[in-house]
Amino acid sequence: MQYRNYDQGRSPNDAKPGLQVVNTGTSPVQLAGVKVRYWFTRDGGSSTVNTWCDWAAIGCGNVTQRVVPVSARPGADTYLEVGFTGGTLAPGAATGDIQLRFAKADWSPFNEADDHSYGTQTAYADSSRVTAYVGGTLVWGSPP
C-alpha cells in the first residue's frame with residue numbers, strides 16, 4: 001500500500017489522500033476483493049463525511065468509497081474504505097494514482113496531524129498506517 005498527501009495543510013476543510021495499491025506477490029490479485037482503509041478522526045463538526053474520487057489512473061468509475069465510523073481509538077474514529085469494481089492486478093503491477101478527497105458535510109476543518117493514516121510525503125511511498133485487506137483478511141499495514 002502506498003500513500004501520498006495531496007494537501008499539505010494540517011487543518012483543511014477537506015483531506016486529499018492519494019493511494020496506490022501495489023501487488024508485491026507472485027500471483028495476480030482480483031481487485032474486487034481488495035479493500036483499503038485510510039484511518040482518520042472527524043474532529044467534531046458534522047458526523048456526515050462526503051467523499052470524492054478526483055482522478056484515478058484506472059478510472060474513478062472503477063473505484064468505490066464508503067465512510068465507516070468505528071469505536072474511538074488513538075488516531076481514528078472513522079475510516080475511508082476504498083474498493084474496486086473489478087479488474088486484476090498482475091504481480092509487480094500497481095493501480096496507479098488514485099486521488100481522493102473527503103470533507104464533512106458542514107465543511108468544518110479537520111486536524112489531520114493526529115490522524116493515524118496521515119503523512120506529509122508528497123511522493124508515493126509505502127505506508128503501514130494505511131491498511132489493505134484481501135477477502136476481508138488484513139494483508140498490509142497496522143490499524144490503530
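Arg42 and Asp77 meet through their side chains in a salt bridge, 3.8 Å from N to O; the term covers a side-chain nitrogen of Lys or Arg within 4 Å of a carboxyl oxygen of Asp or Glu. The two ends come from distant parts of the chain, 35 residues apart: Arg42 sits in the loop between strand E5 (34-40) and E6, and Asp77 in strand E8. Strands here (E, at least two residues) are DSSP runs, numbered from the N terminus.

Before going on, a word on the model: it is predicted, so local features need pLDDT of at least 70 and side-chain atom pairs count only at pLDDT 80 or more, while totals for chains, interfaces and linings use all residues. Residues are numbered from 1 along each chain as its sequence is written, and side-chain values use heavy atoms, with hydrogens and water left out.

## Salt bridges

Is Arg42 buried or exposed? Arg42 is buried, because its relative accessible area is 18%, and buried means under 20%, exposed over 50%, partly exposed in between (1.4 Å probe, protein chains only). Asp77 is buried too, at 17%.

How many salt bridges does a search of the whole structure find? The count is four. Three of the pairs are set out here.

| Pair | Closest N to O |
|---|---|
| Arg42 and Asp77 | 3.8 Å |
| Arg101 and Asp54 | 2.9 Å |
| Glu81 and Arg66 | 2.7 Å |

Arg101 forms its salt bridge with Asp54. Again the pair links distant parts of the chain, with Arg101 in strand E10, Asp54 in strand E6, and their positions 47 residues apart. Asp54 comes out at 39% relative accessibility, so Asp54 counts as partly exposed.

Then there's the salt bridge of Glu81 and Arg66. Glu81 lies in strand E8 and Arg66 in strand E7, so this pair ties together parts that are 15 residues apart in sequence. Glu81 is buried at 8% relative accessibility, whereas Arg66 is partly exposed at 45%. Arg37 comes in as well: salt bridges that share partners join Arg37, Arg66 and Glu81 into one network.

## The five-stranded sheet

E7 and E8 also belong to an open sheet of five strands, in the order E7-E8-E5-E12-E13, with antiparallel pairing. Two strands count as paired if DSSP finds at least two bridges between them. Which strands stand at the edges? They are strand E7 (63-73) and strand E13 (137-140), each with a single partner strand, so one side of each is left without a neighbour in the sheet. From one strand to the next the twist averages 30 degrees, taken from axes that are lines fitted to C-alpha atoms, with angles running from 0 to 180 degrees between N-to-C directions.

E7 pairs with strand E8 (residues 76-84) in the antiparallel sense, over eight bridges. Within E8, Phe84 is the bridge partner of Val63.

Strand E12 (residues 130-134) holds Val134, which is partly exposed at 36% relative accessibility. Val134 joins Val139 and Trp140 in a nonpolar patch on the surface, with about 240 Å² of accessible area together. Patches are made of residues with over 30% relative accessible area and no salt bridge, where like charges are joined within 9 Å and nonpolar side chains (Val, Leu, Ile, Met, Phe, Trp, Tyr) within 5 Å; accessible areas come from the Shrake-Rupley method with a 1.4 Å probe, and for residues only the protein chains shown count as cover.

## Around strand E10

Strand E10 (residues 98-104) is mostly covered, with six of its seven residues buried. E6 pairs with E10 in the antiparallel sense over seven bridges, and Ala56 stands opposite Ile98 in E10. Leu19 stands opposite Ile98 as well. Strand E3 (residues 17-20) is joined to E10 by two bridges, running antiparallel. Strand E2 (residues 14-15) likewise has two antiparallel bridges to E10, and the partner of Ala15 in E10 is Phe102.

## The disulfide

What joins Cys53 to Cys60? A disulfide, with 2.1 Å from S to S; the rule is a pair of cysteine sulfur atoms within 2.5 Å. By that rule the count is one. The link of Cys53 and Cys60 is left-handed, with -75 degrees about the S-S bond. Cys53 is buried at 18% relative accessible area, while Cys60 is partly exposed at 27%.

Thr51 lies in strand E6 (residues 49-56) and is partly exposed, with a relative accessible area of 24%. Thr51 and Gln65 are 14 residues apart in sequence and 7.0 Å apart in space, C-alpha to C-alpha.

How values were computed:
Helices (H or I, at least four residues) and strands (E, at least two) are DSSP runs, numbered from the N terminus.
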